Amino acid sequence: MKLENERKKVKAFLDNKLIVRKDFDPIDISMGINWNYSHSENANTYQTYLHSLGIITDLLRISLNEDDSSLLKHAREIIIDWHENNHRKSENYAWKEHPVSSRISNIIEFQEKATSYKLEDETFEKIIINHCEYLSEERNYKFNNHGLMMDYGLLNACKHLTDKRLKRFYADKAIYRVRYALYRDFTRKGVHLENSPEYHRLVLSIFTKLDRVIKELKLSIGKNEKELLDLSREYKSHIIQPNNYYPMIGDTGTIHDVKIEKNFNDFIDYDAGIAILNNKDTNDITNSTMLTFKSGYHKKTHKHNDDLSVTLYLSGEELLVDSGKYSYDSKDKIRQHLVSPRGHSSPCIAHKNYVLSNPLKEQENIKITKYVSKNSYKLVSGINKMYKNAIVTRHNILSENNIYFVVDRIVSKEDGLFYQNFNINENATITQIDKLTFDIKLNSKNYVLKTFERIDSDIMTDIKKGYVSRTFGEYNNNKRILVKQTKKNATFISAILTRDQYDILSNVKLSNNRLTYIYNGEKIEVII
């Protein structure tokens, strides 16, 4: 697929149309490349990718694949044309962190593989030195993922510096920044702090590239740093579902990774605010059960208002789903829903949201508070004190038989409508059996969502529309099951289980912080 996309861009280039990135509008280059080109709607983004010189690696790879050396000549001419224009004095995006980082790596790849068409040594060394000066300068450095791109570009360029003193100076600076970024961006258990499995995966790939180029320089990222990277790689095996798809926590879309072997050990990271409970089906791994629980954060990046929310892959199906990302436009109505509490399977206060502003100060207000593992069940609990005049707690119980119980308590100083919000897979069909019971059919399996009435609880239920975005820029409608109360101190007890299990579950009660129930004739007690 990647080679085919590169082939399309090369064909367009030969027709005097430059595509700087897949699906971007082509730029007319019949009169040569205008390095100051300004797109009518997205000028900065087009400038960024134009000055990244991605087209030269497209030409290089298609040339090598199809044995067409004429494409190497075009690539060489583009580099020289770019180099001979004094971009430092212009108003374009040539000397910004993203294009500089990408461009130097693209030029290096060309120089390493273009045989007789490679640049003159003097020209190449001048380009390398100019880029190293920019990438090493602290005032240009960004303490984010763009900074990691800059470090990779700098280390990659160091391999080609002839001055040994400069090479070691720049390499040491980049390695120092990489080490700092590792401890800044990951918890001690190796979870990336940007609240998203997709971005954990993306950033880890950048660090893996950085580690590789550091080794090529015959240097080391460090023993402790290597161990932290190994933990971050291991986390992927924890967070991936039994079907080898990632749950769509935070800004995560649909990602399938068959190369990862699922780890069925429970995983709790209080710093990242993520808990993962598993029940393994040894006969068929894909029929296993996995619950994720999110509560707490250290960075606002890619963070949703998803505290106390769960995703539930139950007995082979992704039943309770997170919302995905759709876009990054905060004014978009779909995006607003997806990032709000009602876009997640969480306890909610009607018509209210909470504001996240300072993770350092707010760590005690939203967090995972307890994890217990027994022979007959596992329990993980959390608290959210970020709503104005209300405290919300949630207790998640996953039984050894794959029954999911959830106990929510909302204590408020004000009257209001409080509810459990269950965000159901968009492919499911929901049928209401009675006031407090719903049948959920998903593919070939039937599940039941049952809420248990307490004395004077006065519970109401409803089905509302929602949205799920598995692909950026696209969304599907789904259904949300709402379990509602209007009491100031509201307690909810609900369970999700297979239809067969529902017939042998009875006497579900909550008293004195003890949840008790009878399953298949046996009484189980859970202390919450």
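**Notes on a helix pair, a cavity and a pocket**

1. Helices α3 and α5 are roughly parallel to each other, because their axes cross at roughly 25° and angles under 35 degrees count as roughly parallel. Please keep in mind as you read that this is a predicted model.

2. On the geometry of this pair: α3 covers residues 54-66 and α5 covers residues 97-113, and their axes come within 8 Å. The crossing of α3 past α5 is left-handed.

3. It is worth having a look at the side chains here. From α3, the contact draws on Gly 54, Ile 56, Thr 57, Leu 60, Arg 61 and Leu 64; α5 contributes Asn 106, Ile 107, Glu 109, Phe 110 and Lys 113. Sorted by class, the α3 and α5 contact has five nonpolar, three polar and three charged residues.

4. Next, enclosed space. The structure has one cavity of 30 Å³ or more, and the largest cavity holds about 120 Å³ of space. Its lining comprises 15 residues, with Val 191, His 192, Asn 195, Ser 196 and Tyr 235 nearest the centre. Eight residues of this lining are nonpolar, five polar and two charged.

5. Finally, a pocket you may like to inspect. The second largest pocket has a volume of about 340 Å³. It is lined by 15 residues, and Lys 303, His 304, Asn 305, Arg 335 and Val 339 are the closest to its centre. The lining of this second largest pocket includes seven polar and five charged residues, along with three nonpolar ones.

Methods. Residues numbered from 1 in each chain as written. Predicted model: local features only at pLDDT ≥ 70, side-chain atom pairs only at ≥ 80, totals over all residues. Heavy atoms only, no water. 1 Å grid on protein atoms, 1.4 Å probe; cavity = no way out; pocket = protein on both sides within 12 Å on 5 of 7 lines; lining within 4 Å. Points joined across faces, edges and corners; volume = space filled by probe spheres on them. Nonpolar A, V, L, I, M, F, W, Y, C, P; charged D, E, K, R; others polar. Axes fitted to C-alpha atoms, helices over the stretch in contact; angles between N-to-C directions. Helix = DSSP H or I, 4+ residues; strand = E, 2+ residues; numbered from the N terminus. Parallel < 35°, antiparallel > 145°, perpendicular 65-115°, else oblique. Left-handed = near helix turned anticlockwise from the far one by under 90°. Contact = heavy atoms within 4.5 Å.
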